[in-house]
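Trainee: I should like to request a close look at one helix and the parts of the model around it. Please treat the packing first, and then the enclosed spaces and the loops.

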Amino acid sequence: MPRMSHSTTNAVERWKHGMRGADVDQGGLCSYVWMEQRVPATHPLRRVRVLLDEALEWMSRDFDRVYAEGGRDSVPPERLVRALVLQVLYSIRSERLLCEQLDYNLLFRWFVGLSMDDRIWDHSTFTKNRDRLIEAGVARKLLRRVGRRARREGLLSSEHFSVDGTLVEAWSAVKSMRRRDGKDDPPPPGRNPHVDFHGQPRSNETHLAPHEPQAKLFRKGKGPLTKLYYMAHVLMEHRQGLPIDVEFTQADGYAERETGIRLMKRNTQRTGCTLAADKAYDTREFVAECRALSVTPHVAQNSARPGGSAIDGRTTRHGGYRASQRMRKRIEEAFGWGKDGRPMRKMRVRGYRSAGFMAVLTIGCHSLLRVAKLLPDPAPT
């Protein structure tokens, strides 16, 4: 009887215990697979892309306005916006890392609209084109377009709203601040030098950050540290808890109430609306301005303030007031989502305009994701 070789014995053993696939290196082979087939039909990004493409098509004229007619073709702004939306949704910490993932991530390539052979642009393209996107109002128009689609589907309330503000930390650090009169010592050499502040009081009146003069020293309460902040304000409707408008301002003690009135003037189209807010809005001026707009202020009572609360029992005795106080807390979901590794926790861009663009874009992405989940399933094709 002939003796079996070692390889034949191994093959017999694999046949007895089950077929094991061979580990063959196929890196040199080509595959003709449609990228659309690699993305599952139930993937949540499919709905997001449909809504986003609808909004980008509506912005086509704005893109034509900010781009020159002649010259060399640039990266399509629609692809830049889709890439920025991916950066916000997946909490990608930098544009350099975003470009790296666009190079090898098939899902990201499909979402942006790139083919397998398209070359990825340099990360500096975002910086060079950000001013154009800001001039076209891309972030705010994306939020408005998503809101229009949600209103058309009956998802938005036109009577009951909430408003609130949150602090957004600027990119510049406190130790980068310099005296306004220019009498301070030059900074030590190095990328991250040690600076001793002890015995040197700093305030917004005497100091500013050279690269971000609009960022202000601010803190809420006695616990948090004083840092350079901006402030983002959101107006939310009460039917689904969707953000419908955003404002980005400097941080000060009056910005929340002033911006809240401005947001209501821009979005109220009928009388008899209600506006819920926390105790920071319980001032006689804010309540009076709301009532002048025929808006019922459902503001949380702050009985500890001097003079007592500006809201009395004529408002708090109604069940709608208690419902508004429960619903207004959902506005924190948008703030928490935007600060969970995303730009609203700490800005990664410098400058008031760039920071405002990223803050509004982050809230727009949150609304985009929520509306995509709330829309009914499309009819099967």
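Mentor: What follows is an account of helix α8 and its surroundings, in a model that is predicted.

Helix α8 covers residues 124-135, and its buried residues are T125, F126, N129, R130, L133 and I134. Viewed along the axis of α8, these buried residues fall within an arc of 155°, so they line one face of the helix. The spacing along the chain agrees with a general property of such elements. An α-helix has 3.6 residues a turn, so residues three or four places apart point the same way. The set on the buried face includes polar and charged names, such as T125, N129 and R130, as well as F126, L133 and I134.

The partners of this face can be listed by element. The buried residues of α8 pack against α4 (60-66), α5 (77-89), α6 (95-104), α9 (138-152) and α15. Just after α8, G137 adopts a positive phi of about 65°.

One of these partners, α15, spans residues 352-374 and gives the most to the largest nonpolar core, with 11 residues. That core has 98 residues, and those touching the most other members are L102, W121, L275, F357 and L361. For L361, the contacts are L84, V88, A139 and L142, when residues up to four places away in sequence are not counted. A second core is separate from the largest one; it has 6 residues, among them L167, F218, Y229 and A255.

Helix α4, another partner of the buried face, contains D62. With a relative accessibility of 15%, D62 counts as buried, because the cut-off for that class is under 20%. Leaving aside neighbours within four places in sequence, D62 is in contact with A136 and K141.

Helix α6 is also among the partners of α8, and Y104 lies in α6. Y104 is exposed, as its relative accessible area is 52% and the class begins over 50%. In sequence Y104 and M116 are 12 residues apart, while in space their C-alpha atoms are 9.2 Å apart.

The loop between α5 and α6 holds both S91 and S94. S91 has a positive phi of about 55°, although S91 is not a glycine. Its relative accessibility of 28% makes S91 partly exposed. S94 is likewise counted as partly exposed, at 25% relative accessibility. The C-alpha atoms of S94 and T271 are separated by 45 Å, and the two residues are 177 residues apart along the chain.

A further positive phi, of about 60°, is found at S294, which is not a glycine. S294 is placed in the loop between α11 (284-292) and β8 (295-299), and its relative accessible area of 36% makes S294 partly exposed.

The loop between α2 (35-38) and α3 (44-58) contains H43. Not counting residues up to four places away in sequence, H43 touches Y90 and L107. H43 and L107 are 64 residues apart in sequence, with a C-alpha to C-alpha distance of 10.0 Å.

The enclosed spaces come next. The structure holds 3 cavities of 30 Å³ or more, and the largest cavity contains about 40 Å³ of space. Its lining is formed by L51, E54, A55, R145, V146 and R149. Helices α3 and α9 each supply at least two residues of this lining, and α9 is also one of the partners of the buried face of α8. By class, the lining of the largest cavity has 3 nonpolar, no polar and 3 charged residues.

The largest pocket holds about 500 Å³ of space. It is lined by 16 residues, and those nearest its centre are A173, K175, S176, R191 and R350. Divided by class, the pocket lining has 7 nonpolar, 5 polar and 4 charged residues.

To return to the helix requested, the buried residues of α8 line one face, and that face packs against elements that include α15, the helix that gives the most residues to the largest nonpolar core.

Technical notes
Residues numbered from 1 in each chain as written. Predicted model: local features only at pLDDT ≥ 70, side-chain atom pairs only at ≥ 80, totals over all residues. Heavy atoms only, no water. Core = buried A, V, L, I, M, F, W, Y, C linked by side-chain atoms within 4.5 Å. Buried < 20%, exposed > 50% of the residue type's maximum accessible area, 1.4 Å probe, protein only. Helix = DSSP H or I, 4+ residues; strand = E, 2+ residues; numbered from the N terminus. Contact = heavy atoms within 4.5 Å. Arc of directions from axis to C-beta. 1 Å grid on protein atoms, 1.4 Å probe; cavity = no way out; pocket = protein on both sides within 12 Å on 5 of 7 lines; lining within 4 Å. Points joined across faces, edges and corners; volume = space filled by probe spheres on them.
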